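Let's take a friendly walk through a structure you may not have met before. Have a look at it first, and then we'll go through it part by part.

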Amino acid sequence: MSRLAKVLPYLYFLIDVFSISLSYYVVLHLQEIHLPPEEVAVQLMVLISLWYALAYISKLYRSNLHNGVWLRLRHYIKNHLYFATHILLIKFCLPDTVIPGVYHLLIFIGSLMIANLTTTFVVIGAISRFRRRQENIKDTLIIGVGEAAIRITNYLDNNPDFGFRVSGYISAKADDECRVDPAHVFGTLENLDSFLDKSTISEIIIALPYNRAKSKKIKKIIEAADRQGARINYVPD
């Protein structure tokens with residue numbers, strides 16, 4: 001996994017914490033709400049903890065590199081709706097736990113959505129541009145040389161901001177029908193270990209037909225990837 005892929009979830013979470021804190025203090029300031037520091041700390045902790053819990057359940061921070069801008073923003077909008085619903089429920093059941101007054105709370109929810117989505121859009125756009133410049137591209141090996149391999153290659157070539165660069169292919173066995181460029185086929189599963197050992201491959205995509213992806217082959221690929229520190233994705237028919 002690339003360093004950017006490891007850092008992004010933390011970056012997104014820090015952006016969300018900043019947005020929540022900023023929106024909270026803006027509402028307190030504009031509405032001239034004066035609260036003791038310890039109450040402010042408790043309310044912020046409740047808001048941030050609830051956001052993180054919902055984000056964890058919806059796996060918001062797991063889809064960090066493989067989604068486009070609009071798909072990720074849709075995930076964020078969904079999480080904002082969940083967050084707003086739960087905050088209003090908490091307000092109804094425990095009125096002193098969050099921002100005083102339903103009106104003030106609605107202002108907070110609206111300002112948070114605007115600030116967070118705007119900031120997230122800018123960050124995702126910057127990351128996409130960064131990756132389009134080929135500065136954070138993951139060398140990718142496709143296991144399979146049939147129609148599925150062609151479809152995956154075309155998809156990744158048409159979505160360069162996903163960060164994958166297809167370096168070549170490995171055939172499941174020597175007599176497989178080859179539908180890809182033979183010049184980029186680097187052997188069969190028998191020499192997968194030796195090929196990975198000499199390459200810079202960080203991602204492996206298994207593109208074998210369902211009836212060909214036997215457990216022994218999958219196990220062999222997983223073991224080879226594990227030894228070389230490469231990540232595996234399986235794309236069945």
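Which residue in S4 does Leu 141 stand opposite? The partner of Leu 141 is Ile 204 in S4. Keep in mind as you read on that this is a predicted model.

## The sheet

Leu 141 and Ile 204 are a handy way into the sheet. Strand S1 covers residues 138–143 and runs parallel to S4, with 4 bridges joining the two. Both belong to an open sheet of 5 strands, in the order S3-S2-S1-S4-S5, and the pairing is parallel. S3 and S5 stand at the edges with a single partner strand each, so one side of each has no neighbour in the sheet. On average, neighbouring strands are turned by 30° against each other, if you ignore direction.

There's a helix to add here too. H5 packs on the sheet and touches S1, S2 and S4, and its direction makes about 170° with that of S2.

## Salt bridges

Side chains of opposite charge can pair when their charged atoms come close. How many salt bridges does a search of the whole structure find? The search turns up 4, and three of them are worth a visit here.

Start with Glu 147 and Arg 179, whose side chains meet at 3.2 Å, N to O. Glu 147 lies in helix H5 (residues 147–157), while Arg 179 is in the loop between strand S2 (164–171) and strand S3 (185–188), so this pair ties together parts that are 32 residues apart in sequence. Glu 147 counts as partly exposed at 36% relative accessibility, and Arg 179 also gets the label partly exposed, at 44%.

Next come Asp 193 and Arg 227, with a salt bridge of 2.4 Å, N to O. Here the link runs from helix H6 (residues 192–198), home of Asp 193, to helix H7 (residues 215–228), home of Arg 227, and the two residues are 34 residues apart. Asp 193 is partly exposed at 29% relative accessibility, whereas Arg 227 counts as exposed at 51%.

Then there's Glu 203 with Arg 231, where the closest N and O atoms are 3.3 Å apart. Glu 203 sits in strand S4 (residues 203–206) and Arg 231 in strand S5 (residues 231–234), so the pair ties together parts 28 residues apart in sequence. Is Glu 203 buried or exposed? At 1% relative accessibility, Glu 203 counts as buried, while Arg 231 is partly exposed at 27%.

## Aromatic rings

Now for the rings. The count comes to 8 aromatic pairs. One of them is Phe 13 with Tyr 61: the ring centres are 5.9 Å apart and the planes stand at 80°, so this pair is edge-to-face. Phe 13 lies in helix H1 (residues 3–30) and Tyr 61 in the loop between helix H2 (37–57) and helix H3 (69–93), so parts 48 residues apart in sequence are tied together.

Phe 13 is partly exposed at 24% relative accessibility, but Tyr 61 is buried, with a relative accessible area of 10%. The two also have company: Phe 13, Tyr 52, Tyr 56 and Tyr 61 form one aromatic cluster.

## A charge over a ring

One more stop, this time with a lysine and a ring. Lys 138 lies over the face of Phe 164, at 4.5 Å from the ring centre. Lys 138 is part of S1, which covers residues 138–143, and Phe 164 falls in strand S2 (164–171).

Terms used. Residues are numbered from 1 along each chain as its sequence is written. This is a predicted model: local features need pLDDT of at least 70, side-chain atom pairs count only at pLDDT 80 or more; totals for chains, interfaces and linings use all residues. Side-chain values use heavy atoms; hydrogens and water are left out. Rings of Phe, Tyr and Trp (its six-membered ring) pair if their centres lie within 6.5 Å; planes under 30 degrees apart count as stacked, over 60 as edge-to-face and the rest as tilted. Buried means under 20% relative accessible area, exposed over 50%, partly exposed in between (1.4 Å probe, protein chains only). A charge sits over a ring if NZ of Lys or CZ of Arg is within 6 Å of the ring centre and within 35 degrees of the ring normal. Two strands pair if DSSP finds at least two bridges between them. Axes are lines fitted to C-alpha atoms, for helices over the stretch in contact, and angles run from 0 to 180 degrees between N-to-C directions. Contact means heavy atoms within 4.5 Å.
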